[in-house]
Amino acid sequence: MTIPPKPLPPTPVLETKRLILRPLVPADAPVIQRRFPHWEIVRYLNPRVPWPYPADGAIRFIETCQGEMARGEKHHWAIRLKDEPGELIGSINLWPDDGQSRDMRGFWLDPEFQGRGLMTEAADRVTDYAFHDLDWPHLWVSNAEPNRASARVKERQGARLVGFEPFRSVSGDGRRMVWLIEKEAWLARSTEASARPNIAADEAKRGE
Ligand SMILES: CC(C)(COP(=O)(O)OP(=O)(O)OC[C@H]1O[C@@H](n2cnc3c(N)ncnc32)[C@H](O)[C@@H]1OP(=O)(O)O)[C@@H](O)C(=O)NCCC(=O)NCCS
């Protein structure tokens, strides 16, 4: 018998250097409806994503998210730039280990904002939250095999590739890469990073 995971607390607001992550709200629907339904965003996602995307896709999605948040099943954050907090640019979510699916996080970002390290920044903050605030022992994460950008976020986070398994994405049948981030390794990595000398600052000092 699988023990149901403990309900999550209310979704908190999280900040990073450049980003603010807030719980998704119905007012985010028009921006999601505009930014999300593009092939380059949806192609490697789970086929639960309706495709072609219906006109009420975003508002229905947010209703589902709000139910999941109210029942403590999942966290869903809107990603906004601190410099332009008026508009959502992507989303990230997190849910407890169900003991089977080996997947506990999802994310997407508008292509206009990709390739600047923003999702790694958001994923790092959410990972810190999972280990420090929720005290989870590990985080399973996964991506469709051809999704190099998503795999790269995992690599940048120090996730360990555990294996490959059959997976159907919106694009069709293929494989997914399954990764594990363990709390102990994550905390050790964070300690190492804070102990590492600030090379840029040292170089600046030498140049004085
Ligand atoms: C996955 C995704 C969220 C990454 O967002 P991002 O903000 O661009 O991520 P980052 O900038 O933090 O890191 C992306 C890394 O992937 C690399 N990358 C991007 N596209 C790539 C490609 N086609 N091939 C190889 N590497 C690629 C980037 O160079 C970067 O690595 P680097 O910093 O070492 O150069 C974004 O591509 C996305 O929204 N994709 C569509 C939705 C999706 O697939 N979500 C994940 C489902 S598992």
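A residue counts as near a molecule if one of its heavy atoms lies within 4 Å of it. By that rule, 22 residues surround the ligand in this predicted model. As a predicted model, it has its local features taken at pLDDT of at least 70 and its side-chain atom pairs only at pLDDT 80 or more, while totals for chains, interfaces and linings use all residues. Residues are numbered from 1 along each chain as its sequence is written, and side-chain values use heavy atoms, with hydrogens and water left out.

**The shell around the ligand**

- The closest residues to the ligand are Phe-107, Gly-115, Thr-120, Asn-147 and Arg-156.
- At least two shell residues come from each of helix H2 (39-42), strand E5 (105-109), helix H4 (118-133), strand E6 (138-144) and helix H5 (148-156); helices (H or I, at least four residues) and strands (E, at least two) are DSSP runs, numbered from the N terminus.
- H5 gives the most to this shell, with six residues.
- Sorted by class, the shell holds nine nonpolar, eight polar and five charged residues. Here Ala, Val, Leu, Ile, Met, Phe, Trp, Tyr, Cys and Pro are nonpolar, Asp, Glu, Lys and Arg are charged, and the others, Gly among them, are polar.

**Atom pairs with the ligand**

- A polar side-chain atom of Arg-156 lies 2.5 Å from an oxygen atom of the ligand.
- Backbone atoms take part as well: a polar one of Gly-115 is 2.7 Å from a ligand oxygen, and a backbone N or O atom of Gly-117 lies 2.7 Å from an oxygen atom of the ligand.
- On its own the ligand has 950 Å² of accessible area, and the protein covers 72% of that (Shrake-Rupley method, 1.4 Å probe).

**Helix packing**

- H4 packs with helix H6 (residues 183-195) at an angle of about 120°, and their axes are 10 Å apart. Axes are lines fitted to C-alpha atoms, for helices over the stretch in contact, and angles run from 0 to 180 degrees between N-to-C directions.
- H4 and H6 are therefore oblique to each other, a label for angles outside the ranges under 35 degrees (roughly parallel), over 145 (roughly antiparallel) and 65 to 115 (roughly perpendicular).
- The crossing of H4 and H6 is left-handed, in that the near helix is turned anticlockwise from the far one by less than a right angle.

**Backbone details in the loops**

- Trp-51 and Pro-52 are joined by a cis peptide bond with omega of about 5°. Pro-52 is found in the loop between H2 and helix H3 (57-70).
- Arg-102 is not a glycine, yet has a positive phi of about 45°. Its place is in the loop between strand E4 (88-94) and E5.

Notes:
A polar contact is a pair of N or O atoms within 3.5 Å; within protein, one must be able to donate a hydrogen and the other to accept it, and residues adjacent in sequence count only if both atoms are side-chain atoms.
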